[in-house]
Amino acid sequence: MDLKAQIDLTRLPRHIAVIMDGNGRWAKQHGKMRIFGHQNGVKAVRETTEAAAELGVEYLTLYAFSTENWGRPASEVNALMTLLVTTIRKELKTLTKNNIRLQAIGDIKNLPEKCYKELLEAIELTKDNTRMTLVLALNYSARWEIMQAVNNIAQAAKDNNIQPGNITETTFEAHLSTADIPDPELLIRTSGETRISNFLLWQIAYCELYFTPIFWPEFRKDNLYEAILNFQQRERRFGKISEQVSE
Ligand code: IPE
Ligand code: IPE
Ligand code: MG
């Protein structure tokens with residue numbers, strides 16, 4: 001049966017986050033260079049974005065480049081940065097046409113200048129779009145983000161704008177790069193790896209995790225539907241017992 005038709009649209013995750021993994025291994029399987037895998041990952045990005053928007057998901061966050069990824073060979077890093085620029089430029093029209101707003105989380109100021117500029121421009125041009133927010137995690141690491149928040153809060157305390165002892169979860173969340181974005185309810189990681197790799201550590205406290213062996217370049221709409229259907233079969237208890245949370 002049609003997977004999409006089985007999804008309960010009244011119980012969609014508001015925010016889906018994806019660790020897009022397996023590009024390199026997919027390329028190797030095909031006897032190609034790693035960058036070939038990254039290039040083919042763009043189609044999966046397009047399909048996933050389209051499928052999420054069509055369903056009515058409000059936020060889709062894609063982990064595109066981690067702070068730790070700078071440690072890869074320079075040729076791969078450079079190729080990824082070039083791909084980023086060309087993809088943003090190419091996809092801008094589609095984002096606009098589909099009423100999708102682009103945002104970014106991570107240390108984006110320290111991306112190569114060309115990437116940073118291209119990204120800011122796309123964010124600015126799509127800022128009034130309302131159908132879905134596509135969040136790119138770029139030069140992102142959750143520990144970086146948390147340390148950033150800690151430093152900002154410490155400075156605010158020093159400046160007497162905040163009192164130690166009054167710092168709440170809400171205060172902390174407001175200093176994360178995801179301020180104003182609801183926590184993800186479903187986190188998907190492709191390629192069979194079952195780890196978080198420094199992604200959204202604070203925000204996934206009660207997130208449902210979904211792992212699939214599919215390599216990212218092969219991820220298609222049906223794979224997203226499968227993940228959502230799996231999510232909808234779960235009982236989210238948030239520390240309570242089943243009888244308390246079932247209607
Ligand atoms: C994910 O695929 C893309 C990025 C991290 C940029 P990988 O490049 O990590 O592919 P594998 O994990 O080596 O197969
Ligand atoms: C996580 O994938 C980062 C992104 C998908 C951008 P990695 O391939 O970098 O993660 P590890 O090294 O396998 O943990
Ligand atoms: Mg990987």
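Here is a walk through the two ligand sites of this structure and one aromatic pair. Please keep in mind that the model is a predicted one.

Let's start with ligand 1. Its surroundings consist of 13 residues, and those that come nearest are Asp21, Gly24, Arg25, Arg34 and Arg72. If you sort the shell around ligand 1 by residue type, you get five charged residues, five polar ones and three nonpolar ones. Three helices each supply at least two residues of this shell: H2 (23–29), H3 (34–55) and H4 (74–97). Of the elements that take part, H2 gives the most, contributing three residues.

What do the polar contacts of ligand 1 look like? A polar backbone atom of Arg25 stands 2.7 Å from an oxygen atom of the ligand. Side chains take part too: a polar atom in the side chain of Asp21 is 2.8 Å from an oxygen atom of ligand 1, and for Arg34 the distance from a side-chain N or O atom to a ligand oxygen atom is 2.9 Å. As for how much of ligand 1 is covered, the ligand taken alone exposes 380 Å², and the protein buries 87% of that. The space that ligand 1 takes up is the largest pocket.

Now turn to ligand 2, which also sits in the largest pocket. The residues around ligand 2 include Ile19, Met20 and Asp21, then Tyr63, Ala64, Phe65 and Ser66, and further along the chain Arg189, Arg195 and Ser197. Asn69 and Arg72 are also among them. By type, the shell around ligand 2 holds five nonpolar, three polar and four charged residues. Here a strand takes the lead: S2 gives the most to this shell, with four residues.

Which side chains make polar contacts with ligand 2? One belongs to Ser197, where a polar side-chain atom is 2.6 Å from an oxygen atom of the ligand. Another is Arg195, with a side-chain N or O atom 2.8 Å from an oxygen atom of ligand 2. Asp21 appears again as well, this time with a side-chain N or O atom at 3.2 Å from an oxygen atom of ligand 2. Taken alone, ligand 2 exposes 390 Å², of which the protein buries 77%.

It is worth pausing on the residues that the two sites share. Asp21 and Arg72 are among the residues that come nearest to ligand 1, and both also belong to the residues around ligand 2.

Finally, let's follow Tyr63, which you have just met beside ligand 2. The structure holds eight aromatic pairs. One of them joins Tyr63 to Tyr140 in an edge-to-face arrangement, with 5.9 Å from centre to centre and 85° between the planes. This pair links distant parts of the chain: Tyr63 lies in strand S2 (residues 59–66) and Tyr140 in strand S4 (residues 132–140), 77 residues apart.

Technical notes: Residues numbered from 1 in each chain as written. Chains lettered and ligands numbered in written order. Predicted model: local features only at pLDDT ≥ 70, side-chain atom pairs only at ≥ 80, totals over all residues. Heavy atoms only, no water. Near = heavy atom within 4 Å. Polar contact = N/O pair within 3.5 Å; in protein donor to acceptor, adjacent residues only side chain to side chain. Areas by Shrake-Rupley, 256 points an atom, 1.4 Å probe, with all protein chains shown as cover. 1 Å grid on protein atoms, 1.4 Å probe; cavity = no way out; pocket = protein on both sides within 12 Å on 5 of 7 lines; lining within 4 Å. Sits in = over half its atoms within 2 Å of the grid points. Nonpolar A, V, L, I, M, F, W, Y, C, P; charged D, E, K, R; others polar. Phe/Tyr/Trp six-rings, centres within 6.5 Å; stacked < 30°, edge-to-face > 60°.
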